[in-house]
Amino acid sequence: MTSVEERPLSAGHSGYQRIRADIIFGVLTPSGRLKLDAMKEDYGVSISTLREILNRLTSEGFVVAEGQRGFEVAPISIQNLRELAGLRILLEHHAMAESLRAGDVEWEGRVVSAHHKLAATERTVLKEGDDPELRKRYDGEFHQALISSCGSRELMQTHAVVFDKYFRYALRYRGAETINQHKALLDCALKRDIKGAKTVLTEHINGCVAHALASWNED
């Protein structure tokens, strides 16, 4: 019998994941109209399934429903970036503090393992060029590992959505500064240094905001 993990994704779930990823990585342009007929062909799902997917993405903030006009990709803006950064700091500070207090040896193992994969990915990026999808995967896994003993599944799920919306603004890699901050977060976590971890995380997120704004000005 095929296990749950081995079952193929349904067309609807696969379409949802693909459309969501294409929004995060800019394949679907911010504020761009989402034309159902074209998307039906591109993503291999029916119009009714597309509407379900886009309504779900609207509830998550990745898509905007325009009444009778249909759907658009959620816009990006400096104000939205700052709001997401502030929300991420608020959520992650609390979740990380709870996780560092409660974390056991299993949690330490998750954090160390997640950082090992992230660090390897970041070294590859520096040598061979960026792969935003791979970088996001391991960056997200590391930050989720840090908060994985916070005791609240709802908090972790909310953080994951905010992280994904925030990553729309983090497509250009910052390089060595990010690597050093991730290592500092690991060190603080293993020492249960909550104050230090919060300080590093704030610097990390604010640095990403500044980098995104600088990249915007260059464009």
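Buried means under 20% relative accessible area. The exercises below use this cut-off on a predicted model.

**Exercise 1.** Is F25 buried or exposed, and what kind of ring pair do F25 and F167 form?

*Solution.*
1. F25 has a relative accessible area of 18%, so F25 is buried.
2. For F167 the value is 2%, so F167 is buried.
3. A pair of aromatic rings is described by the distance of the centres and the angle of the planes.
4. The ring centres of F25 and F167 lie 6.1 Å apart, and the planes stand at 70 degrees. Plane angles over 60 degrees count as edge-to-face, so the pair is edge-to-face.
5. F25 sits in the loop between α1 (11-24) and β1 (33-34), whereas F167 belongs to helix α7 (residues 153-167). With these positions 142 residues apart, the pair links distant parts of the chain.
6. In the whole structure, 2 aromatic pairs are found. Ring pairs join F25, F163 and F167 into a cluster.

**Exercise 2.** How are helices α2 and α3 oriented to each other?

*Solution.*
1. The axes of α2 (residues 36-43) and α3 (residues 47-60) come within 10 Å and cross at roughly 100 degrees.
2. Angles of 65 to 115 degrees count as roughly perpendicular, and therefore α2 and α3 are roughly perpendicular to each other.
3. From α2, L36, D37, M39 and K40 take part in the contact; from α3, I47, L50, R51 and L54 do.
4. Sorted by class, this contact has 5 nonpolar, no polar and 3 charged residues.

**Exercise 3.** Which residues of α6 are buried?

*Solution.*
1. Helix α6 (residues 132-146) has 15 residues.
2. Its buried residues are R135, K136, Y138, D139, G140, F142, H143, A145 and L146.

Methods
Residues numbered from 1 in each chain as written. Predicted model: local features only at pLDDT ≥ 70, side-chain atom pairs only at ≥ 80, totals over all residues. Heavy atoms only, no water. Helix = DSSP H or I, 4+ residues; strand = E, 2+ residues; numbered from the N terminus. Expected span 1.5 Å × (residues − 1). Buried < 20%, exposed > 50% of the residue type's maximum accessible area, 1.4 Å probe, protein only. Axes fitted to C-alpha atoms, helices over the stretch in contact; angles between N-to-C directions. Parallel < 35°, antiparallel > 145°, perpendicular 65-115°, else oblique. Contact = heavy atoms within 4.5 Å. Nonpolar A, V, L, I, M, F, W, Y, C, P; charged D, E, K, R; others polar. Phe/Tyr/Trp six-rings, centres within 6.5 Å; stacked < 30°, edge-to-face > 60°.
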